[in-house]
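I kept this notebook open while going through the model, and here are my entries. Have a look at the sequence and the fold first, then follow along.

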Amino acid sequence: MTDTVLEAPVLAIDDATADRLFRTARTVTTFAEAEVTDEQLAAVYDLVKWGPTAMNTSPLRMLVVRTPEARQRLVERVPEGNRERVANAPVTLVLAYDTDFHEHMDVLMPHNPGARDMFAGDAGARAEMARTSALLQAGYLIVGLRAAGLAAGPMHGTYDQIDAEFFAENGWKGFLVVNVSVADGADTTRPRAPRLGFDDAAQVI
Ligand SMILES: Cc1cc2nc3c(=O)[nH]c(=O)nc-3n(C[C@H](O)[C@H](O)[C@H](O)COP(=O)(O)O)c2cc1C
C-alpha cells in the first residue's frame, strides 16, 4: 500500500490537463479569428464561480465588450501600448469588483442572516474585501478560460476612465482587462519567461 502511494504522481490531474491549464498555456497577444461566444463565457463563469471568496462574497463582476462601438470606447481607455491588442481581440472582458456585494449576502450566505447588515455600515471594509476576493476570482477565471479551450490576455486599463465610462451607474470598480480568444490559433509574440522556483518563492518553517 505504501509503495502505491509513493509511486502515485503528485499532481491529481493528468499531464495534458496540467499543460493546458499552466505549463504550455500562454498569455496571448495575437488572436485567432474564431468567435468566442457568450455561451462559452457563461460556462466558464459557471465553473469558476465555485472558487472560494471571503465569506462567499463573490464580488467579481464582468463587462463583456463585444460590439465595435463598445470596443472603441474601451480602446480609448487602456494605455497606449495595450490598444492594438484590445482592438483586435475577439472579445474583451473588463473585470471589476462590486463594493455593494453585501446586497447579495442573503443569497450568498443564507446561514448568516446578519451578514448584509454587518457590511452595510462599513464601506471601507467592503472595498478592501471586494478587491481582494475579486483578484482571486480573476485568477480562477483565467484558468477557467483555459479549461474551456480559450486563451486569456490579461492587461491593465486606465481604471478611473473605465469606471467613469462604463460603471457610472452601477459603481463597479474596474481592475483588469482580459482579452479572450480561442486557444487554437491564438498565440503570443513574447518568449516564455522563466518563473521562480519553489525554493525562491516559499519559506518552510
Ligand atoms: C495583473 C496583470 C497585468 C498585466 N498587464 C499587462 C499589460 O498592461 N500589458 C501587457 O501587454 N501584458 C500585461 N500582462 C501580461 C503579463 O505580462 C503576462 O501574463 C506574463 O508575462 C506571463 O506571460 P505568459 O503567460 O505568456 O508566460 C498582465 C498580466 C497580469 C496578470
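**Entry 1: the ligand**

Which atom of the ligand lies 2.6 Å from a polar side-chain atom of Arg192? I looked it up, and the atom is an oxygen of the ligand. Before going on, I remind myself that this is a predicted model.

I then checked two other arginines. In the side chain of Arg85, an N or O atom sits 2.5 Å from an oxygen atom of the ligand. For Arg195, I read 3.0 Å between a polar side-chain atom and a ligand oxygen.

Next I listed what surrounds the ligand. Arg26, Thr27, Asn82 and Arg85 are among the surrounding residues, as are Pro154, Met155 and His156. The list also includes Leu176, Arg190, Arg192 and Arg195.

**Entry 2: the chain as a whole**

I stepped back to take stock of the fold. The chain has 10 helices and 4 strands, and from the N terminus I read the order as α-α-α-β-α-α-β-α-α-α-β-α-β-α. Along the principal axes, the C-alpha atoms fill a box of roughly 60 × 45 × 35 Å.

I also noted that 39% of the 205 residues count as buried. Looking at contacts between residues at least 6 apart in sequence, I found that 80% of them join residues at least 24 apart.

**Entry 3: helix α8**

Does the length of α8 fit its residue count, or what span should I expect? I worked with 1.5 Å a residue: the 25 residues of α8, 123–147, should span 36 Å, and the end C-alpha atoms are 35 Å apart, which agrees.

I wanted its buried residues too. They are Arg126, Met129, Ala130, Ser133, Ala134, Gln137, Ala138, Leu141, Ile142, Gly144, Leu145 and Arg146. Here I jotted down a reminder: an α-helix has 3.6 residues a turn, so residues three or four places apart point the same way. Just after α8, I came across Gly149, which has a positive phi of about 80°.

**Entry 4: salt bridges around Glu165**

My search of the whole structure gave 13 salt bridges. I started with Glu165, which pairs with Arg73 at 2.7 Å between the closest N and O atoms. Glu165 belongs to helix α9 and Arg73 to helix α4 (residues 68–75), so this pair ties together parts 92 residues apart in sequence. At 27% relative accessibility, Glu165 counts as partly exposed, and Arg73, at 27%, is partly exposed as well.

Arg77 also forms a salt bridge with Glu165, with 3.1 Å between the closest N and O atoms. Arg77 is in the loop between α4 and α5 (83–88), so its pairing with Glu165 in α9 joins parts 88 residues apart in sequence. I put Arg77 down as buried, given its relative accessibility of 16%. Taken further, Glu69, Arg73, Glu76, Arg77 and Glu165 are linked in a network of salt bridges.

I also looked at Arg23, which bridges to Asp15 with the closest N and O atoms 3.4 Å apart. Arg23 is partly exposed at 43% relative accessibility, whereas Asp15 is exposed at 53%.

**Entry 5: Asp163, buried and unpaired**

Which side chain of opposite charge is nearest to Asp163? I found Lys173, 4.9 Å away; Asp163 is buried yet has no salt bridge. The cut-off for a salt bridge is 4 Å, so that distance falls outside it. Asp163 sits in helix α9 (residues 159–166). Leaving aside neighbours within four places in sequence, its contacts are Ala168, Trp172, Lys173 and Gly174.

**Entry 6: some loop residues**

I went to the loop between α3 and β1 (60–65), where Asn56 is found. Asn56 has a positive phi of about 55° although it is not a glycine, and it counts as partly exposed at 36% relative accessibility. Ser58 is in the loop between α3 and β1 too, with a positive phi near 50°. With a relative accessible area of 12%, Ser58 is buried. My margin note says that most residues other than glycine have a negative phi.

Last, I checked Ala32, in the loop between α2 (15–23) and α3 (38–48). Ala32 counts as buried at 12% relative accessibility. Beyond its neighbours within four places in sequence, Ala32 is in contact with Pro90, Ser181, Val182, Asp184, Gly185 and Ala186. I also noted 9.7 Å between the C-alpha atoms of Ala32 and Ala151, which are 119 residues apart along the chain.

Key:
Residues are numbered from 1 along each chain as its sequence is written. This is a predicted model: local features need pLDDT of at least 70, side-chain atom pairs count only at pLDDT 80 or more; totals for chains, interfaces and linings use all residues. Side-chain values use heavy atoms; hydrogens and water are left out. Helices (H or I, at least four residues) and strands (E, at least two) are DSSP runs, numbered from the N terminus. The expected span of a helix is 1.5 Å times one less than its number of residues. Buried means under 20% relative accessible area, exposed over 50%, partly exposed in between (1.4 Å probe, protein chains only). Lys and Arg count as positive and Asp and Glu as negative; His and the chain ends are not counted. Contact means heavy atoms within 4.5 Å. A residue is near a molecule or strand if one of its heavy atoms lies within 4 Å of it. A polar contact is a pair of N or O atoms within 3.5 Å; within protein, one must be able to donate a hydrogen and the other to accept it, and residues adjacent in sequence count only if both atoms are side-chain atoms.
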